[in-house]
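This report describes a two-chain model, beginning with the annotated spans and moving on to the interface, the charged pairs and the backbone. The sequence and structure are shown first.

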Amino acid sequence: MNKLMSDKKTIFLLVAPGFLILVSMIIFPIGMSIYYGFTDWGGIGDYNFIGFENFKNILFSDEIFRTSLINALLLTVATILIQHPIAIFLSILITHCGRWEKVLRTILFIPAIISVVVTAKLWASIYNPQYGLLNNILDSIGLSSLKQDWLGNPDLAIWSVIIVTIWQGFGYAFLLYYAGLKGVPDELYEAAKIDGANPFQLYTKVVIPLLAPMMRVAIIIAVISCLKQMEVVYLMTNGGPGNSTQFLGNYLYQTAFSYAKYGYGNAISVLFVIVVLIITVVLNKVLKRDVGEY
Amino acid sequence: MNTNSKLNISQKRKRKPPKVGKVILYTFMAIVGILQLFPLLWLFDYSLLKSGNFFGDAVFQFPSPPQWDNYVKAFTQGHVLPYFFNSLLVTLVSVAITAVVSILLAYAFTRMKWKFNVLFMNIILLGMMIPIHATLLPNFIIFNQVGLLNSYWALILPYTAFNIPISMFIVSGFMETIPKTIEEAAVIDGCSIWGILFKIILPITRPAIATISVVNFINCWNEFIMAYTFITLDKFKTLPFSIIQFVGQYSSNYGAQFAVMSLIAIPSIIIYLIFTDEINKGLMSGSVKG
């Protein structure tokens, strides 16, 4: 048995296909990105090695890079402070809905499985100043004075985008907390009731603290996905107006493909990977305190 | 039908009088559900309107008569049919390759004894953390140089690569629950590793394979930015391109634009409704690991 399980040829055949694909499509390209990050290549023709020039510029004098990070931070905070409390609240309510539970769960998740292209273009239409749903609604409830070009106003555009990503990602946050709630054993509810807890105490004192491990997971996922945000922005505003909705993924894409600064774009790309890796590792370390078993 | 349901309700009422709390709860949840779906309902509603009616002030407009013609236009002008076929081909091949490769990897990590498994596991974890957007620029150059731009492989290979890590973890998690005694018995009977893998492990692992396949299907089906970067020829474009095409070429034909969006959204919704449990399970195990 042991001999069979450590047969080198078999192991090679099991591992090789997967590794070939992973390394050639993800690891090797990142290596190439690092290489081009040290050059001033424009996409075609010759290029020179310029050392850490690109990285220095990005880190110390690139306003747009800073805006992108701040937007990611803003999106993360908004997600955690707006989306997550609603998700927790609704997942608690939904467990009391009996036979409607499954239907409601499905409805809440539907926006999350729709193609991002549809989501982005749909919301661009909702925000549209001529025929958009949002302005129509404001009209019909007598708030016409609030009508806006929601994506054209540099102060508002980022919030318009944030609402879209909160709507789109809501299903995932909801599903996580819902699963967390389902993991709380029934005996705990019984015990709390016997001890005389009212429903409000039951949730604030017993159930929500027990959701802490799920919150950890949900927060890590939120931070990472906010940092990786790109498609919605690319399709709705392309970072504009005036880079006010810029995110790292979109910025590196724009730099390389629209402004033909391929070397610089790759340097942004490399820093992007580094930021994501550092944040993932740090969050996992910081939030990994064991929260106790039930 | 109508009297029947009334009868049911009155019978229930007799048994259990509805509480005020429940009524408030259901009303509230119904409102939440409608609000959540409202943008989509608006999309479907407007996809049946004449483009000229888009500029009315009403939030909802009853399409009279419904402009099914919008969908016909969407089909022809949005190239929906050929793009649909491309999406299907790319998605199915990616899903199939991901499944096979993930099973092989998962077996190597859960059963085989080898020196570098920690190192290789870390590489897979790394692959999971790297954002796809960081591979767009280098992969564009690589594909350009090896002549893969504008081919199905330019999508299948990266799609597969980005789906492998999570799929592998889901399948591994499942394989760990399979008792090893079955395999030991098979080895004594003279079965090879490949025999064990395909005749014993594969059938047992089916639920996990179903889970990863459905989740990967949705991922590939909805993927946009890689397709947009690596494909410029009509022949290989996938479904999300239909919208882009439309916004550019027929930007004033709003009704047909909305019809295209509906046409792209509907397959995902149907797949989700059929495989709700698999998708929820897959997303949960995927995200908890990550």
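The UniProt record, an unreviewed entry, places the feature "transmembrane region" at residues 12–38, 69–94, 106–126, 156–181, 202–224 and 262–283 of chain A. The coordinates discussed here belong to a predicted model. For two of these spans the geometry can be set beside the annotation. Residues 12–38 of chain A are 96% helix and 0% strand, and the C-alpha atoms at their ends are separated by 35 Å. Residues 202–224 of chain A are likewise 96% helix and 0% strand, with 32 Å between the end C-alpha atoms.

**The interface between the chains**

The size of an interface is often given as the accessible area lost when the parts come together. For chain A and chain B this buried area is about 8200 Å², and carbon and sulfur atoms give 80% of it. In terms of residues, 92 of chain A are in contact with 94 of chain B. The polar side of the interface comprises 13 residue pairs in polar contact, both partners having pLDDT 80 or more. On the side of chain A that touches chain B, the largest share, 20 residues, comes from helix H2 (residues 8–37) of chain A. Sorted by class, that side of chain A has 64 nonpolar, 20 polar and 8 charged residues.

The rule finds 2 salt bridges across the interface of chain A and chain B. One of them joins B:Asp277 to A:Arg105, with 4.0 Å between the closest N and O atoms.

**Salt bridges**

Side chains of opposite charge can pair when their charged atoms come close. Over all chains, a search of the whole structure finds 8 salt bridges; among them are the four in the table.

| Salt bridge | N to O distance |
|---|---|
| B:Asp277 and A:Arg105 | 4.0 Å |
| A:Arg66 and A:Glu63 | 3.9 Å |
| B:Asp69 and B:Lys73 | 3.2 Å |
| B:Arg111 and B:Glu183 | 2.9 Å |

The salt bridge of A:Arg66 and A:Glu63 lies within helix H4 (residues 63–94) of chain A, where the two residues are 3 apart and therefore separated by about one helical turn. A:Arg66 is partly exposed at 39% relative accessibility, whereas A:Glu63 is exposed, with a relative accessible area of 54%.

A comparable description applies to B:Asp69 and B:Lys73, which are 4 residues apart in helix H3 (residues 69–77) of chain B and so are also separated by about one helical turn. B:Asp69 is partly exposed, its relative accessible area being 39%, and B:Lys73 is partly exposed as well, at 27%.

The pair of B:Arg111 and B:Glu183, whose side chains meet at 2.9 Å, N to O, links distant parts of the chain: B:Arg111 is in the loop between H4 and H5 of chain B and B:Glu183 in helix H8 (residues 181–188) of chain B, 72 residues apart. Both B:Arg111 and B:Glu183 are buried. Salt bridges with shared partners also join A:Lys102, A:Arg105 and B:Asp277 into one network.

**The surroundings of B:Arg111**

The loop that holds B:Arg111 runs between helix H4 (80–110) and helix H5 (117–129) of chain B. With a relative accessible area of 6%, B:Arg111 counts as buried because this value is under 20%. Besides its salt bridge to B:Glu183, the side chain of B:Arg111 reaches the backbone oxygen of B:Met175 at 3.3 Å, and a polar atom of that side chain lies 3.0 Å from the backbone oxygen of B:Ile178. Leaving out residues up to four places away in sequence, B:Arg111 touches A:Met5 in addition to B:Met175, B:Glu176, B:Ile178, B:Lys180, B:Glu183 and B:Ile201.

**Two residues with positive phi**

Most residues other than glycine have a negative phi. A:Asn243, although not a glycine, has a positive phi of about 65 degrees, and this residue is found in the loop between helix H12 (231–236) and helix H13 (248–258) of chain A. A:Asn243 is partly exposed, with a relative accessible area of 26%.

In chain B, the phi of B:Asn150 is positive too, near 55 degrees; B:Asn150 sits in the loop between helix H6 (133–146) and helix H7 (153–175) of chain B. At 19% relative accessibility, B:Asn150 counts as buried, since the cut-off for that class is under 20%.

Definitions and conventions
Residues numbered from 1 in each chain as written. Chains lettered and ligands numbered in written order. Predicted model: local features only at pLDDT ≥ 70, side-chain atom pairs only at ≥ 80, totals over all residues. Heavy atoms only, no water. Contact = heavy atoms within 4.5 Å. Buried area = accessible area lost by both parts, 1.4 Å probe. Polar contact = N/O pair within 3.5 Å; in protein donor to acceptor, adjacent residues only side chain to side chain. Nonpolar A, V, L, I, M, F, W, Y, C, P; charged D, E, K, R; others polar. UniProt positions renumbered as here; feature names shortened; annotations may be inferred. Buried < 20%, exposed > 50% of the residue type's maximum accessible area, 1.4 Å probe, protein only.
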